[in-house]
Amino acid sequence: MSSDGLDLLTDLQWITEQSDPALKFKEAEQRLHQLVPHYLTTIYDDWFLDSRVKMEIILLDLLIWMKEWLCENRKVSKAVFLLIKFIDLVEEKEFI
């Protein structure tokens, strides 16, 4: 079985497993640029909601990691831009 949502979840999980920070950043940034706010239509199905939560957790973790990596590499303005641009991809963004 395949769907855009499952492909996204698989891609995000693969990206988080990358050990090369430059590759991880590049892949994450590329994938984020493919997404738009409300990238998943709300469907009130337990499986769908569970999958969406998993994706949003991974997206939040990636955004935070990317921000930290950029700051460590003295690219603070890009880190701020990244957070502003992609913060709307996730609903539970308060702790960022």
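## Where arginine 31 sits

Which helix does arginine 31 lie in? Arginine 31 is part of helix α2. Keep in mind that this is a predicted model. With a relative accessible area of 15%, arginine 31 is buried, because anything under 20% falls in that class.

What does arginine 31 touch, once its neighbours within four places in sequence are set aside? The contacts are Asp7, Leu8, Asp11, Leu12 and Ile15. Back in its own helix, which spans residues 21–34, the arginine 31 side chain also makes a polar contact of 2.7 Å with the side chain of glutamine 34.

## The salt bridge from arginine 31

One of those contacts, Asp11, is also a salt-bridge partner: the closest N and O atoms of arginine 31 and aspartate 11 are 3.0 Å apart. This pair links distant parts of the chain, with arginine 31 in helix α2 and aspartate 11 in helix α1 (residues 4–16), 20 residues apart.

Buried or partly exposed: how do the two ends of this bridge count? Arginine 31 is the buried end, at 15% relative accessible area. Aspartate 11 has 31% and is partly exposed, so it falls between the 20% and 50% cut-offs.

## The other two bridges

How many salt bridges are there in total? The count comes to 3. As general background, side chains of opposite charge can pair when their charged atoms come close.

Another bridge starts from helix α2 as well: glutamate 29 meets lysine 78, with 3.4 Å from N to O. Here too the pair links distant parts of the chain, since lysine 78 belongs to helix α4 (residues 76–86) and glutamate 29 to helix α2, 49 residues apart. Lysine 78 is partly exposed, its relative accessible area being 34%.

The remaining bridge joins the side chains of lysine 54 and aspartate 50, again at 3.4 Å from N to O. Why are these two separated by about one helical turn? Because they are 4 residues apart in helix α3, which covers residues 46–72. Both ends are partly exposed: lysine 54 has 40% relative accessibility, and aspartate 50 has 39%.

## Putting it together

So what do the bridges connect? Arginine 31 and aspartate 11 tie helix α2 to helix α1, and glutamate 29 and lysine 78 tie helix α2 to helix α4. Lysine 54 and aspartate 50, on the other hand, pair up inside helix α3.

Technical notes:
Residues are numbered from 1 along each chain as its sequence is written. This is a predicted model: local features need pLDDT of at least 70, side-chain atom pairs count only at pLDDT 80 or more; totals for chains, interfaces and linings use all residues. Side-chain values use heavy atoms; hydrogens and water are left out. A salt bridge is a side-chain nitrogen of Lys or Arg within 4 Å of a carboxyl oxygen of Asp or Glu. Buried means under 20% relative accessible area, exposed over 50%, partly exposed in between (1.4 Å probe, protein chains only). A polar contact is a pair of N or O atoms within 3.5 Å; within protein, one must be able to donate a hydrogen and the other to accept it, and residues adjacent in sequence count only if both atoms are side-chain atoms. Contact means heavy atoms within 4.5 Å.
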